[in-house]
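Subject: Structure handover

Dear colleague,

I am passing on the structure below, followed by notes on what was found in it.

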Amino acid sequence: MDRKLISNYIYNILYNILSVILPFITTPYLYRTLGTDTLGIYNYAASIMQWFILFGVLGVNTYGNREIAKVKNNKDDLNRTFFEIFWMQMLNVAIAMAAYLLFAHFAFGSDAFYYELTGLTMVATMMDITWFFYGIEDFRTASIRNMAVRIIGVAAILIFIKSKDDLGLYIVINIVTQLIGQLIMFLQLRQYIHFQKVSLKDAYQHHFKATFQLFIPTIAISVYTMFDKTMIGALYNKSHVTLYTTAMDLDRTMTMFITSIGAVMLPRVTNIFYNDENGEEKAKNMVNTTMKIALMLGLPMCFGMIGIAHNFVAWYLPETPEVGELIAMGAPIIILIAMSNVTGTQYMVPTGMYNQYTASVVLGCCVNVFFNFMLIPKYGAYGAIIGSVIAEAAVTTTQMILIHKKMTISFLQKSYLCYAAGTALMYFAVWFVGRITPISFVGSVLQILAGVLVYFLVLYFSREDFCMKVLEKARHRGKKNA
């Protein structure tokens, strides 16, 4: 990876880390001030609104990123493409917002005001142009803006929300902070774009079909990441919904360190594939490199989670030891999502393999629903975890098969053997430290530190290529700064 890619990855991962940390601050505070019932009105309204947003945005976030990356070297094409996609997004979300407001007005009786107020958040969605900055590979602007907005929102909540009567104010804070964030983005947009009048008819002719193609896998992913909770509650019991949600959230949190690579690589691979003389070959080489990075991170994260799960849950959630078992059972999704992020987000989408990408994700959705119906009635959250792992395996395997004719990813390389050996020794170290240290926060930290140290030492002494390149760059930078 060059310096800009590394910088983009760092900004993206910082935002993702902040997104995980901030709810730990606001959630207990909102539970105390608004209360679970009052807060539940907003959360339920937001969950319903999200489905309308999904239909309004279609696949613009991914498609816009890709299209901007294709034309970023041509100023005229960049202007035209941006305004066509933006105006189409504005109209689509406006229609979805009108549909939501009508639905909220007639469906929710005495609480309709809060549901309708929540719907105004979709104004910010209309104006969301994060995809543009990702497409031109300016992750710094988008990430800093997103982080600033989240922090301002948290500060406003802590200052102004004091009781159950403040639900309306809480909703307004969420709306205003998001709108401020979008306005900041438009101020920064001026250095890249000048206003250009475009035809809305041309916008739909040029872009609607492709955004709809990416909308189908978005819906499929939403089904098998959200519908499983509904199925547990309907087919087993509500308590297992909480167990499953907690375990999967912890496992999926680890994947953000890997999927952030996909967000960074998508525009770069797209630009090279369409604009470089040897673009196809260079894109393949980049994908092979990022597959190494994905598994270099994914393998130890997966087995590290398995190694620390039981001890971690024993002190963090002592009343629900089942969560430790579920975390360990679900950990393989870290490896599977790491791989499918490379094959899907970093290769299939940038190179225009929309139909194949859609087919793989829809297959995963069908597999997940099938195994959920088979396993949840008997095993509850455990059955849902198994279904999720099998579904992710189906997606990854299908994508590997579908891209095989265009490119080959060889796993019979020294680097992959180093990752496997390092992971095995790391897992033993984590397990051993867990046996000799007390079950506590400190014990879990010692397990993590032991695992990281052993894994790094294996890569270092085996002279693994990527590890050596990173260390060499660090040494070279250190000499230049000295």
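Is Cys366 buried, partly exposed or exposed? Cys366 is partly exposed, as its relative accessible area is 47%. Please keep in mind that this is a predicted model.

Cysteines

A search through the whole structure turned up zero disulfides. For Cys366, the nearest cysteine sulfur belongs to Cys365 and lies 5.4 Å away. A disulfide requires the two sulfur atoms to be within 2.5 Å, so a pair at 5.4 Å does not count as one. Cys302 is in no disulfide either, and its nearest cysteine sulfur, in Cys418, is 19 Å away. Cys302 is buried, with a relative accessible area of 2%.

Helix α4

Two residues of this helix were looked at, and the helix itself covers residues 75–107.

Thr81 sits in helix α4. Its relative accessible area is 3%, and because buried means under 20%, Thr81 is classed as buried. The side chain of Thr81 comes to 2.8 Å from the backbone oxygen of Asp77. Setting aside residues up to four places away in sequence, Thr81 touches Glu67, Ile68, Val71 and His207.

Asn79 is also located in helix α4. Asn79 has a relative accessibility of 0% and is therefore buried. Apart from neighbours within four places in sequence, Asn79 is in contact with Ile193, His194 and Gln196.

Regards

Key:
Residues numbered from 1 in each chain as written. Predicted model: local features only at pLDDT ≥ 70, side-chain atom pairs only at ≥ 80, totals over all residues. Heavy atoms only, no water. Helix = DSSP H or I, 4+ residues; strand = E, 2+ residues; numbered from the N terminus. Buried < 20%, exposed > 50% of the residue type's maximum accessible area, 1.4 Å probe, protein only. Polar contact = N/O pair within 3.5 Å; in protein donor to acceptor, adjacent residues only side chain to side chain. Contact = heavy atoms within 4.5 Å.
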